Amino acid sequence: MLTLVGVVLVIIAIVCACMLVFSSKPKLEKLLASSRVSIGDTLKAYHETKASLGDMGKEGVVSEDMTIMGKPRCESPLTSPLGQKECLYYSYRVTEKHKERETYYETDSNGNRRERTRMVTKTSTLDEGSNSTRFFVDDGTGEMLVDPQGGKFEGLVKTVDRTDSQFSNASGPSVSFGGLSFNLGSGSSRPESLHYEEEIIGLDRRVTVVGTLCDKMGDLLIEQYKDSHVLVSTKSQDEMIAETKSSIQTQKICAIACGIIGIVLMIIGLAADI
């Protein structure tokens with residue numbers, strides 16, 4: 001038993017170390033390397049640079065990491081599927097709880113093994129999805145176009161968090177919520193309940209965008225460049241840096257503590273089995 005617990009703790013330590021190396025540290029480095037700029041000054045410098053260098057074709061003139069903050073504006077905003085809110089990004093999930101017959105085995109005091117069945121409640125994902133759209137950021141000095149496709153989104157605002165139940169007695173074959181419909185099945189296969197969750201980045205919140213300024217195709221915008229993803233958040237750059245540093249510290253402590261304790265328990269367990 002001690003050996004098994006030790007193995008689990010070592011696995012947790014490895015997971016924490018991987019998160020630290022491949023997620024948290026690169027994020028912090030990107031946040032620290034991307035200086036906050038004025039959109040107006042950036043546009044002015046870009047036009048001056050382009051005028052002096054001329055048309056650079058598909059290679060463009062600039063490729064620079066930066067951070068901008070301001071109010072978002074969408075020419076074609078999205079409508080979130082559950083909450084029906086205008087936004088630049090949404091993420092939703094619908095889960096269902098249902099009863100299933102499960103087979104298990106019991107061993108009596110005489111060592112006889114018997115097959116039993118019982119009803120258990122299972123949870124599964126019925127539907128989920130996310131989407132984003134291009135938007136402008138206005139910081140008061142100018143506007144900058146952002147293409148967040150393939151990016152990461154933080155500081156989301158929850159618009160829906162609701163559970164509906166008693167579908168076993170519902171008369172119709174489906175149920176609708178927001179702009180979506182879900183098939184309920186029939187008879188005993190109907191779910192006990194559905195849980196709806198949705199988060200968005202709306203147009204009424206200031207956003208921080210961390211990404212690479214490019215003009216490869218002639219349009220100046222912040223977008224994904226090579227392996228550098230766009231980060232969009234309702235938090236400030238300072239808040240994101242502070243939270244990432246805290247996360248790194250927690251992951252370090254977890255990796256070291258779980259690793260040491262796990263190895264010690266594995267050694268004790270293996271010694272006890274000899």
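1. **Largest pocket.** In this predicted model, the largest pocket has a volume of about 390 Å³. Its lining comprises 19 residues. Closest to the centre are S23, P26, K27, K152 and L231. Helix 1 (2-33) is the main contributor, giving seven residues, the most of any element. Strand 7 and helix 3 (237-273) also supply at least two residues each. By class, the lining is mixed: six nonpolar, six polar and seven charged residues.

2. **Largest nonpolar core.** This core has 22 residues. I68, F135, V209 and I222 touch the most other members. Two or more residues come from each of helix 2 (39-53), strand 1 (63-73), strand 3, strand 5, strand 6 and strand 12 (207-214). Strand 12 gives the most, with three. As a general point, nonpolar side chains in soluble globular proteins tend to be buried together.

3. **I68 and its contacts.** I68 is worth displaying with its neighbours. Leaving out residues up to four places away in sequence, I68 touches V37, I39, V137, M144, V146, V207, T208, V209 and I222. Two of these, V209 and I222, are also named among the core members that touch the most others.

4. **A separate core.** Another core lies apart from the largest one. This second set has 15 residues, including C87, V160, F182 and I200. I200 also appears in point 8, as a contact of E86.

5. **Salt bridges: D147 with R134.** The whole structure holds seven salt bridges. In one of them, D147 pairs with R134, and the closest N and O atoms are 3.5 Å apart. The pair links distant parts of the chain, 13 residues apart. D147 sits in the loop between strand 6 (143-146) and strand 7 (152-154). R134 sits in the loop between strand 4 (113-132) and strand 5 (135-138). Which partner is buried? D147 is, because its relative accessible area is 13%, under the 20% cut-off. R134 is partly exposed at 41%.

6. **Salt bridges: two further pairs.** D164 and R162 meet through their side chains, with an N to O distance of 2.9 Å. D164 is buried, at 17% relative accessible area. R162 counts as partly exposed, at 42%. E243 and K235 form another bridge, at 2.7 Å from N to O. Here both partners are partly exposed: E243 has a relative accessible area of 43%, and K235 has 25%. In general, side chains of opposite charge can pair when their charged atoms come close.

7. **Backbone at Q84.** What is the phi of Q84? It is near 55 degrees, a positive value in a residue other than glycine. Q84 is found in the loop between strand 2 (78-79) and strand 3 (86-107). The residue is partly exposed, with a relative accessible area of 44%.

8. **E86, in strand 3.** E86 belongs to strand 3. Is E86 buried or exposed? E86 is exposed, because its relative accessible area is 52%, over the 50% cut-off. Still, E86 has contacts from elsewhere in the chain. Not counting residues up to four places away in sequence, E86 touches P77, L78, I200, G202 and L203. The C-alpha atoms of E86 and S76 are separated by 9.5 Å, with their positions 10 residues apart along the chain.

9. **S165, in strand 8.** S165 has its place in strand 8 (residues 157-165). At 42% relative accessible area, S165 is partly exposed. Which residues does S165 contact, leaving aside neighbours within four places in sequence? They are E192 and S193. L194 is 29 residues from S165 along the chain, yet their C-alpha atoms are separated by 6.4 Å.

Conventions:
Residues are numbered from 1 along each chain as its sequence is written. This is a predicted model: local features need pLDDT of at least 70, side-chain atom pairs count only at pLDDT 80 or more; totals for chains, interfaces and linings use all residues. Side-chain values use heavy atoms; hydrogens and water are left out. A salt bridge is a side-chain nitrogen of Lys or Arg within 4 Å of a carboxyl oxygen of Asp or Glu. Helices (H or I, at least four residues) and strands (E, at least two) are DSSP runs, numbered from the N terminus. Buried means under 20% relative accessible area, exposed over 50%, partly exposed in between (1.4 Å probe, protein chains only). On a 1 Å grid over the protein atoms alone, a cavity is a set of points where a 1.4 Å probe fits but cannot get out, and a pocket is an open set with protein on both sides within 12 Å along at least five of seven lines; lining residues have an atom within 4 Å of a point. Grid points are joined across faces, edges and corners, and a volume is the space filled by probe spheres set on the points. Ala, Val, Leu, Ile, Met, Phe, Trp, Tyr, Cys and Pro count as nonpolar, Asp, Glu, Lys and Arg as charged, and the others, Gly among them, as polar. A nonpolar core is a set of buried Ala, Val, Leu, Ile, Met, Phe, Trp, Tyr and Cys residues joined through side-chain atoms within 4.5 Å. Contact means heavy atoms within 4.5 Å.
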